[in-house]
Amino acid sequence: MQRNMRGWIVAALLMVVVQISIVPFLGHAIWRAGVPNELDVRAPNLEPVKQNVESIQKITEEVKKDAELRIQAARTEAAETVANIRKNATETIAKTRQEILGLKEQVKSCASIKTELEYAQEQNEKMKMQMEKMNKYFDEEKRAFERKHEQIELFTNTKEENGFRPILVTVAHHPRQDLLGSFALPTVYLLSIAFRYGWALEIFPYEGSEGQETLKQVLALGPKSSKGWGSGLQDVTNRKNHNPMELNEVVYDKLGFFPEQPDPSPDESKWVDVEPLPAPGPKLDEICRNNAIPRNGFLNCLLQVPIDSEDDNTYVAQWHIEEHGGTDAFFTESFRNIIRKRFWKVNRHRLKHYSDEVDSSEYNIAMHIRRGDVPKKMKKRWTEQSVFATVARRICESHPGAIVHVFSSGKNTDGGWEEIENIGGKCGSIIFHLDEYEFDTWAHLVAADSLVISKSTFSYVPALISGGDVYFPHDYWHFPLSHWKIFHNKNGKIKKP
């Protein structure tokens, strides 16, 4: 009952509120429509609404003004920022231009320094050449003194006879006209003979000799030269730093272990042609008794290996060596140590790829592979690449990681070096040294820990000087030393000692 009463009271109150709120508006609407206002309702008060509208308009104007001020401030700030950027850019460009100008000046300065450096280098090279000439002169003087001292020692304790000391035997020959190896080999042979017997050795001047004239004629023929000289002569003649004529003129100075030449040399009519070359004994005594001449305080017996020898002067000396004890009897360790020491005095500076010093961390194998004047059809001198590769692999089995250096010159008729490039096995790097200066190559052949030679005097002569292991082809017509290792020229198998 109480709940119902409360509901009726709430409903009545709501009706009153509705009448109070709606009736004035309805009356005003009827009045606006021209209908008589029978209810006499008062017109609404619109002033608050007007005030609200004006307030909104005012706020809008203030917001608009504030927005305009903010936009203007933003524009001003943007203009200032752009101005600052332009100013900084202008300053940066100006600074960069200054730096570029400074760099240009530095470039000019560097160019000037480069010119001065090049001039200094040029002067340094000139001074270096002068120093080399001076060193060469002093070395020559020293060697001349040492050799004179060696010769004097041989006779200081001997008794003079008729104002002269006992007979001094001197052997001499004319250099051949061949390239480096064949040119030097007979002199190396004669040097070993003279060393063993206590003789002196002389070499007739190459300049103006028959050999020089022959080589000039051959070089003048060019490609038309005799097949006996081989195409290799043409190949090497066109090679950088190579002049066969110049090589033969300077070879004895370049190698460093040959004796100084006397000035002047006795008239060639005083020399006795000997073929075969006699060893000390009755035959030599007879020759010297009948032909000795006074010279430099000694009775001199002048023996000459004739230039027109039937076997040429290389083989005259080689047959003498083989008939009187063999290669080991003449190329003794003491003799080879002496000439190797003299060789390094003049040639150690040529070592660029490796040194002659024993270094357990690096083992160097030098292989001379003769090509150029030796095509495959020249069976007598030809050795296949596969043979060299086999020999290298055998060496590397004992010296894992060994570096293989290949020295060759002239045209390679094989068409490439595929067999050598793929040696594999336990070998390390394979390095090719092609068409290098002959004397530089000789220095490296002598310095190698192991030297594998071709059938060529170009590598045979360095082998005679070498202090390392030498691998010698079994069918080569020159003679090996007993401690050398012999490999078969067809399959590369190494003969056991």
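A disulfide between Cys-288 and Cys-301 is present in this predicted model, with an S to S distance of 2.1 Å. The torsion about the S-S bond of Cys-288 and Cys-301 is about -80°, and the disulfide is therefore left-handed. Cys-288 belongs to helix H7 (residues 282–291) and Cys-301 to strand E5 (residues 298–305), so that the bond ties together parts lying 13 residues apart in sequence. Both Cys-288 and Cys-301 are buried.

The structure contains two disulfides. Besides the bond described above, Cys-396 and Cys-427 are joined, with their sulfur atoms 2.0 Å apart. The link of Cys-396 and Cys-427 is right-handed, with 105° about the S-S bond. Cys-396 is located in helix H11 (residues 385–398), whereas Cys-427 is located in the loop between helix H12 (418–421) and strand E8 (430–434); the pair therefore ties together parts that are 31 residues apart in sequence. Cys-396 has a relative accessible area of 0% and is buried. Cys-427 also counts as buried, at 14% relative accessibility, because the cut-off for burial is under 20%. With bonded cysteines counted along the chain, the disulfides follow the pattern 1-2, 3-4. A further cysteine, Cys-110, is partly exposed, its relative accessible area being 47%.

Aromatic side chains form 23 ring pairs. In one of these, the ring centres of Tyr-437 and Phe-439 are 5.6 Å apart and the ring planes meet at 70°, so the pair is classed as edge-to-face. Tyr-437 and Phe-439 are both buried. Elsewhere in the chain, a cluster linked by ring pairs comprises Phe-183, Tyr-206, Tyr-252, Phe-257, Phe-258, Phe-343 and Trp-344.

Charged side chains are also placed over aromatic rings. Arg-371 lies over the face of Trp-382, at 3.8 Å from the ring centre. The charged end of Lys-380 is positioned over the ring of Trp-477, with a distance of 4.6 Å to the centre of that ring.

Arg-371 is also among the residues touched by Ser-408. Ser-408 is found in strand E7 (residues 403–408) and counts as buried, because its relative accessibility is 7% and burial requires a value under 20%. When residues up to four places away in sequence are not counted, the contacts of Ser-408 are Ile-369, Arg-371, Trp-417, His-433, Leu-434 and Asp-435. Of these contacts, His-433 and Leu-434 fall within the range of strand E8 (430–434).

Helix H8 (residues 312–323) has twelve residues, for which a span of 16 Å is expected at 1.5 Å a residue. The C-alpha atoms at the ends of H8 are 17 Å apart, which agrees with the expected span. The buried residues of H8 are Asn-313, Thr-314, Val-316, Ala-317, Gln-318, His-320 and Ile-321. In an α-helix there are 3.6 residues a turn, so residues three or four places apart point the same way. Among the buried positions of H8 are Asn-313, Val-316 and Ala-317, and the list also includes His-320 and Ile-321. H8 is followed by Gly-325, which has a positive phi, near 120°.

Note on methods
Residues are numbered from 1 along each chain as its sequence is written. This is a predicted model: local features need pLDDT of at least 70, side-chain atom pairs count only at pLDDT 80 or more; totals for chains, interfaces and linings use all residues. Side-chain values use heavy atoms; hydrogens and water are left out. Helices (H or I, at least four residues) and strands (E, at least two) are DSSP runs, numbered from the N terminus. Buried means under 20% relative accessible area, exposed over 50%, partly exposed in between (1.4 Å probe, protein chains only). Contact means heavy atoms within 4.5 Å. Rings of Phe, Tyr and Trp (its six-membered ring) pair if their centres lie within 6.5 Å; planes under 30 degrees apart count as stacked, over 60 as edge-to-face and the rest as tilted. A charge sits over a ring if NZ of Lys or CZ of Arg is within 6 Å of the ring centre and within 35 degrees of the ring normal. The expected span of a helix is 1.5 Å times one less than its number of residues. A disulfide is a pair of cysteine sulfur atoms within 2.5 Å.
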